[in-house]
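The questions below ask what stands behind some of the terms used for this structure. Each answer sets a value against the criterion that applies to it.

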Amino acid sequence: MSRTIAILTGGGDCPGLNAVIRGVVRSAILERKWRVIGIEDGFDGLVGEPRWRELTLDSVRGILPRGGTILGTSNRGNPLAYPVEENGETRLVDLSSEVVENFKRLGAEALIAVGGDGTLKIALALQEKGMPMVGIPKTIDNDLRGTDVTFGYNTAVGIVTEALDRLHSTAESHHRVMVVEVMGRDAGWIALESGIAGSADVILIPEIPFDLNSVCDAIQLRKSRGSKFSIVVAAEGAFPAEGQKVVQVTEAENRGVERLGGIAAYVADEITRRIQIETRVVVLGHVQRGGTPSPFDRILGSRFGVKAVDLIEKDRYGRMVSLQGRLICDVDIVDAVDSLNRVDPDSGLVKSAEALGITLGRPILR
Ligand code: F6P
């Protein structure tokens, strides 16, 4: 019997979203002759008059190497706490019942939600209200539990590593310290892994509040050994042991989402002030999220899409697809969003970085 299923992409975009959409559409249509519809702009597309489109084999042709998402996305407007303007004031309203009703009107049996922590928490709440959901883990930050890795992360690490390679030559020519700010709000995976791959000298992550003395000592030590330049990689969520995260736009000013940014400038200024070495700041920002996905993310995204359709065929809802080792499995969405996947400061990965001579800014015991 032919079935209709729906898919949406929520939260910040990331490379590999189109690979997932294509994987879902091709396996649903080619293997099962099902119908697939795409909801536009994440859960926003189910608020008010639903915004959706038919997804055919033609509509996903050629999208595998394309960055972004053909469906659009939104990392604002959570339907469980939707901002509504009234008499010049913003009130948060629960629109989940409207979303469930709108979804029923579309005639789809199940919804595949592709997203990070925020999107999957919404999916879980809607599942509890009777909307059959399957989740697919996405985020360049790699901070979701329940899977070895999210898709999009591998591409981001590749982009940052290439940038670090390029910055080495200019840092060396000018005897400068380059301080590179990368994404990673609560988890420092991108900074840590690209820092190791790109031969950084200092890596600052949110999980290890840093000591500027230790950062400056590392740079001085390199100089005394003949390396007059250094590369510092700082996750946007890194902060000094005696300070806090640098916020660019507050939660209240930005519809409920705090925007981080500025830690690299702070660290660079402190280095120049304390040890009089010339610094430059590079903020990689959304370059990390844009452009074509790596082969790894194309394959992972495609496999995730295929697995999500399998789960719907077996009526296994409330599940999230996941990579475990080399296998594509599934876990309860609850277990994925329970807490964030953060770097363990005592892990083998961190120890390897330190064994390679990289400083993670741990306080120096003098
Ligand atoms: O969640 C992924 C992420 O890239 C974070 O690392 C970053 O803080 C945030 O999204 C930026 O979001 P926006 O696109 O709204 O600036």
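Q: What makes the approach of the N75 side chain to an oxygen atom of the ligand a polar contact?
A: In this predicted model, an N or O atom in the side chain of N75 is 3.0 Å from an oxygen atom of the ligand. A polar contact requires a pair of N or O atoms within 3.5 Å, and the pair at N75, at 3.0 Å, therefore qualifies.

Q: Which polar side-chain atoms of H286 and R289 lie at what distance from an oxygen atom of the ligand?
A: For H286 the distance from a polar side-chain atom to a ligand oxygen is 3.0 Å, and for R289 it is 2.8 Å; both values fall within the 3.5 Å limit, so both count as polar contacts. The protein buries 79% of the 400 Å² that the ligand exposes when taken alone.

Q: How do you know which residues are around the ligand, and how is their shell divided by class?
A: A residue belongs here if one of its heavy atoms lies within 4 Å of the ligand, and the residues around it are N75, D141, M183, G184, R185, E236, H286 and R289. By class, the shell has one nonpolar, three polar and four charged residues; Gly is counted among the polar ones, so G184 belongs to that class.

Q: Why are β3 and β15 called edge strands?
A: In the open sheet of seven strands, ordered β3-β2-β1-β6-β7-β14-β15 with mixed pairing, β3 (52-55) and β15 (327-332) each have a single partner strand, so one side of each is left without a neighbour in the sheet. Neighbouring strands of this sheet are turned by 30 degrees against each other on average, direction ignored.

Q: How do you know that β2 and β3 pair?
A: Pairing requires at least two bridges, and four bridges join β2 (residues 35-39) to β3, so the antiparallel strands meet the criterion. Within this pair, I37 stands opposite E54 in β3.

Q: What makes β9 and β10 a pair, and in which sheet do they stand?
A: Three bridges join β9 to β10 (residues 230-235), and as at least two are required, these parallel strands count as paired. One of the partnerships is that of L204 with A234 in β10. Both strands belong to an open sheet of four strands with parallel pairing, in the order β9-β10-β8-β13, where β9 (202-204) and β13 (279-283) are the edge strands, each pairing on one side only.

Definitions and conventions
Residues are numbered from 1 along each chain as its sequence is written. This is a predicted model: local features need pLDDT of at least 70, side-chain atom pairs count only at pLDDT 80 or more; totals for chains, interfaces and linings use all residues. Side-chain values use heavy atoms; hydrogens and water are left out. Axes are lines fitted to C-alpha atoms, for helices over the stretch in contact, and angles run from 0 to 180 degrees between N-to-C directions. A polar contact is a pair of N or O atoms within 3.5 Å; within protein, one must be able to donate a hydrogen and the other to accept it, and residues adjacent in sequence count only if both atoms are side-chain atoms. Accessible areas come from the Shrake-Rupley method with a 1.4 Å probe; for residues, only the protein chains shown count as cover.
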